[in-house]
Every structure is written in C-alpha cells, then in structure tokens.
Protein chains: 2
Amino acid sequence: MAAAIQVVDTQGAGAFSMRALGAFLECDPTAMYRHFRTKNALLDALLDSVVREGSAELPQSDDPRADIRANFRQLRRSLLAHPTLAPLVLRRPPGVGAYWERSDHAVAQLHRAGMDPVDAANVYQTLLFYTLGHALSEARQLARALEREGAGADGGPVASVDAPPERHPDLSDVAPHLRDDNEAQFLAGLDLILRDLPR
Amino acid sequence: MAAAIQVVDTQGAGAFSMRALGAFLECDPTAMYRHFRTKNALLDALLDSVVREGSAELPQSDDPRADIRANFRQLRRSLLAHPTLAPLVLRRPPGVGAYWERSDHAVAQLHRAGMDPVDAANVYQTLLFYTLGHALSEARQLARALEREGAGADGGPVASVDAPPERHPDLSDVAPHLRDDNEAQFLAGLDLILRDLPR
DNA sequence: ACCTGAACACCGTTCAAGT
DNA sequence: ACCTGAACACCGTTCAAGT
C-alpha cells in the first residue's frame, strides 16, 4: 500500500498506527486486516518495497567495480528516500527476500572480477552491512532534523564528534574530517572495501 | 538501572514497559519518572551502558592492528550479550557519547600505525558502521531464535541465503560460504577493511 | 466477500493526593 | 523529598454484526 508509505513519510514512523492509516484512507482502522494479517506484516511489505526500489535498473557495464558501487549507492539512496522508515529495515534479515536482486547482482560482479567464492562472500557481506549501518545512521539523523525544522533540512554529518579535546586528543584531530559530504564519505568507505578489486 | 536490563534480557525488548518494570521492581509503574524524565531517557541510559560495556579494558599493545581488532570485537560481543536490546542501539547517533572511549582508542591506533587524518576518519567510520550493521543483524536473528526455543539457541548464520538457484546462480554459488562461524566471518570483514594497515 | 464498530487488554504520561 | 493510584489519550487486534 503506497498510502502507508505516504503516511510514514509525512507524519513520521512513530505516528504510523492502524488508526492513523485508517483516518488517512477514510475507512475503519480495522479494515486493513483483510489485506494484511497484522501490522507487522504490513510494515514488512513496506520495508521490502523500499529495499527493492530501483533495483530493476542495476547496471551491467564492462566495469564490475563501478557496477557494485552503483548497486550500493542506489540502496543507500532508497533508504534515505524514506528516512523515518529506514531504521525499521533492520527488523528484516538482510541477505534474503528483498535483497535477492541486489545481492545476486553484486556477487555476479565480484565473480566477473575474478574473485573466488569465499572472498566474494566476505566482501559482499562486508559491503552490505557497511551500507546498512551507514545509511541507517544517516537516515536516523535526517529524520530527527526533518521533524525538528520541517522540510528542507540536511541532517548534518552522519557522525559528528564533539568530545572534550583534552581527554580525547586523537578524536578531536579527526573530527573535522567527519563533517564532509555524506555521500562522498560513504563512497570512500565502499572503495576502501573494494580496494583489491581490479579496476 | 540494572533491573531494566534484566527485564529486557529475560522478557524481550518488546515486553519492556513501564508497567512491566514496575511489576518486576514491585513498585508503582509511575515511580520511575522520579529518576528518568521519560521512557526514552531510561532506554537511552541502557543503550549507553551496553556500548560502554568493557571499554575500560581496551588493550594498548605494540600492535595497533590487533588493538583495533580487539576494540571492535569487544563492541560486537557487548551488543550480542543483549540481543533483544541491541537493535535499539541504532536509535542513538554513533560517534558520540557512549562511543568516545572506543573511537578515541581506535583513532589513536590508526594514528600510531602512521595513517593520515583523512584516511583515519574514513577507516574509523567504515569499521564502526560495519560492526554495528553486522552485530545488530546477528543480534536480531539471535533474539528471534531465543524467543522461539528459549535458552540455548545459536541463531544460525547471520545472513542465510535461500534464493531459487535457477534465477540467481551466482548467489547460490556463494551461499555455502555464508554459513560459517559468525565471529570468524565478522573478523574477516574487519581484516578486509584493515588490509592496508602495517602489521 | 468485504467493511464496520464496539470491545478487550494493553500502552506512556500527568497530576492531585498521600506519607 | 519520594511514592501512589486514578485518570487521560492513546495503542493492536478480535469478532459479532451488518451490507
């Protein structure tokens, strides 16, 4: 139900209830139980649709590395498109269901780059967990900014640091470098993991 | 409040309510509002204590790489020690508050290994997000196994794959390699990110 | 076949009242 | 100063009853 996504995006995930959805659709709150066995089942359908978003246009060029980058960049953007919904994605096990298209694509590219299965499995899971962790942290922060100042907020750095310098000198040295563009920072991490892959 | 952690661990995070905690402590459900402004504030205190758990004994040996490994392995274990609580850690922004000790330690080791600040920042965030994503996924699965069969369950592989082989040949090739020991798989991902670090 | 709405067993939180 | 308990405004879900 696309209406449910709309409710979550405009009202926030916390305000999403059967009663709120019923009011939005102008029907009885209990009518949804004809289409979904439970609120959890409805939520799971929403999460799957977010993860699958845009996965039909995954590129298959002559550069495996670029294709993998595109895959995970797209996943990150899909998650960030619904910041208040994104944190709930962790409720679903990664690597199954909605991830099939994405993981099959990524593993195929790793094979094509000449990587053996064991390495491919590790690199794939590292990429996936890194992407989920990074995007969901960013989404959470973006969601807070949205509810604080309405539309048009940018959320700030994905992980800002404000430690007392005298106690944590090394941390404070690094802090300025955490304030850069979030997507660039994300892609740098991807490249770090993909470093050994032939370009 | 350590009693709250006990309630979460035995009853599951879903059953944690002010009323349930009150029943456990044999006091009125509203008595907690003298010590915590809100249920959220109480939960945040719990999450912080989990992240900080054991961070006092972070090693500082002559091998920066091993020290960083120990840091993130310890973080993973702290999260997995409270599997039903762990997913809620994402509600807090990483990189602040409870993470100070851990991130300061990790960044100090990266410096000591001769890494420049920009690289150190990226490597640190990559490690953190990878660890959070990996451990929280594993914790979620472990929590499900626990509530399904009581104590003594192992939770199975952190990301099992059961895709139709005819549609996803590459994925099916890799699936067997995802079923190995979860901690070994986690450490392999860490090493992947730390590959360039001098040993 | 599908929707309705009353009802049940819960929530978090507030606040006047007690000691 | 701290705890109590009634009360308020919510939840998800069920089920007999309507069309």
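About 4,800 Å² of area is buried between chain B and chain A in this predicted model. Carbon and sulfur atoms give 63% of that area. The size of an interface is often given as the accessible area lost when the parts come together. On the side of chain B that touches chain A, the elements giving two or more residues are helix H5 (100-112), helix H6 (117-149), helix H7 (169-174) and helix H8 (182-193) of chain B. H6(B) gives the most to this side, with 15 residues. By class, the residues on the side of chain B that touches chain A are 27 nonpolar, 14 polar and 10 charged.

The contacts between the chains were also counted. In chain B, 51 residues are in contact with 52 residues of chain A. Eight residue pairs are in polar contact across the interface of chain B and chain A, with both residues at pLDDT 80 or more. The count of salt bridges between chain B and chain A is zero.

Chain A was then examined on its own. The secondary structure of chain A comes to eight helices and zero strands. From the N terminus on, the order of elements in chain A is therefore α-α-α-α-α-α-α-α, where each element is a run assigned by DSSP. Chain A has 199 residues, and buried residues make up 52% of them. Of the contacts in chain A with a separation of 6 or more, 69% join residues 24 or more positions apart.

One residue of chain A was followed in detail. Gln74(A) sits in helix H4 (residues 64-81) of chain A. Its relative accessible area is 18%. Buried means under 20%, so Gln74(A) counts as buried. Leaving out residues up to four places away in sequence, Gln74(A) touches Glu53(A), Gly54(A), Ser55(A), Glu57(A), Leu58(A) and Arg102(A).

The next subject is DNA strand C. There are 13 residues around this strand. Those that come nearest are Arg19(B), Thr30(B), Tyr33(B), Thr38(B) and Lys39(B). The surface near DNA strand C is made up of three nonpolar, five polar and five charged residues. Of the atoms of DNA strand C within 4 Å of the protein, 45% belong to sugar or phosphate, and the rest belong to bases. Arg19(B) has a polar side-chain atom 2.5 Å from a base nitrogen of DNA strand C. Arg34(A) also has a side-chain N or O atom by a base nitrogen of this strand, at 3.4 Å. Met18(B) meets the strand through its backbone: one of its backbone N or O atoms lies 3.1 Å from a phosphate oxygen of DNA strand C.

DNA strand D was treated in turn. The strand is surrounded by 13 residues, and the closest are Arg19(A), Thr30(A), Tyr33(A), Thr38(A) and Lys39(A). The surface near DNA strand D has three nonpolar, five polar and five charged residues. Sugar or phosphate accounts for 45% of the atoms of DNA strand D within 4 Å of the protein, and bases account for the rest. Two residues of chain A lie by phosphate oxygens of this strand. A polar side-chain atom of Thr38(A) is 2.4 Å from one. A backbone N or O atom of Met18(A) is 3.1 Å from a phosphate oxygen. Chain B takes part through Arg34(B), whose side chain places an N or O atom 3.4 Å from a base nitrogen of DNA strand D.

Notes
Residues numbered from 1 in each chain as written. Chains lettered and ligands numbered in written order. Predicted model: local features only at pLDDT ≥ 70, side-chain atom pairs only at ≥ 80, totals over all residues. Heavy atoms only, no water. Near = heavy atom within 4 Å. Polar contact = N/O pair within 3.5 Å; in protein donor to acceptor, adjacent residues only side chain to side chain. Nonpolar A, V, L, I, M, F, W, Y, C, P; charged D, E, K, R; others polar. Contact = heavy atoms within 4.5 Å. Buried area = accessible area lost by both parts, 1.4 Å probe. Salt bridge = Lys/Arg side-chain N within 4 Å of Asp/Glu carboxyl O. Helix = DSSP H or I, 4+ residues; strand = E, 2+ residues; numbered from the N terminus. Buried < 20%, exposed > 50% of the residue type's maximum accessible area, 1.4 Å probe, protein only.
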